[in-house]
Amino acid sequence: MWRSVTEPNPFAILDDPVVMARAEAAWATAWSYVEQSLKEEERERQSQRMIFIVASTALETDDVHELAHRSIKRFLQEGPLQRPT
């Protein structure tokens, strides 16, 4: 599963179980695309960022692949968030 039991589920804001399932599938696709390009120590944090991006755009399209594409595009445009020093 993409999250641990104690973490909140950002997809829970989606009322429709079909939309939620589509968002989870789009996250898996989008995350598999960007995961290997990230440093190991940043992956968990960036995974959460991708989850929130997918959840925030989940109602824009009914197509899983289009949702994944839009999420990847937004993720890459915004660039990885850096931890404060």
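With which residue does R70 form a salt bridge? In this predicted model, the partner of R70 is E60, and the closest N and O atoms of the two are 3.3 Å apart. R70 belongs to helix α3, whereas E60 sits in the loop between α2 and α3, so the contact links distant parts of the chain, 10 residues apart. R70 is partly exposed, at 30% relative accessibility, and E60 is also classed as partly exposed, with a relative accessible area of 48%.

The model contains 6 salt bridges. Another of them joins the side chains of D62 and R22, with an N to O distance of 3.5 Å. This pair, too, links distant parts of the chain: D62 is in the loop between α2 (43-57) and α3 (64-78), R22 is in helix α1 (residues 17-34), and 40 residues separate them. R22 has a relative accessible area of 12% and counts as buried because this value is under 20%. D62, in contrast, is exposed because its relative accessibility of 66% is over 50%.

A further salt bridge is formed within helix α3, between the side chains of R74 and E78, at 2.9 Å from N to O. The two residues are 4 residues apart, about one turn of the helix. R74 is partly exposed at 31% relative accessibility, and E78 is partly exposed at 43%. R74 and E78 are joined with R49 into one network by salt bridges that share partners.

Conventions: Residues are numbered from 1 along each chain as its sequence is written. This is a predicted model: local features need pLDDT of at least 70, side-chain atom pairs count only at pLDDT 80 or more; totals for chains, interfaces and linings use all residues. Side-chain values use heavy atoms; hydrogens and water are left out. A salt bridge is a side-chain nitrogen of Lys or Arg within 4 Å of a carboxyl oxygen of Asp or Glu. Buried means under 20% relative accessible area, exposed over 50%, partly exposed in between (1.4 Å probe, protein chains only).
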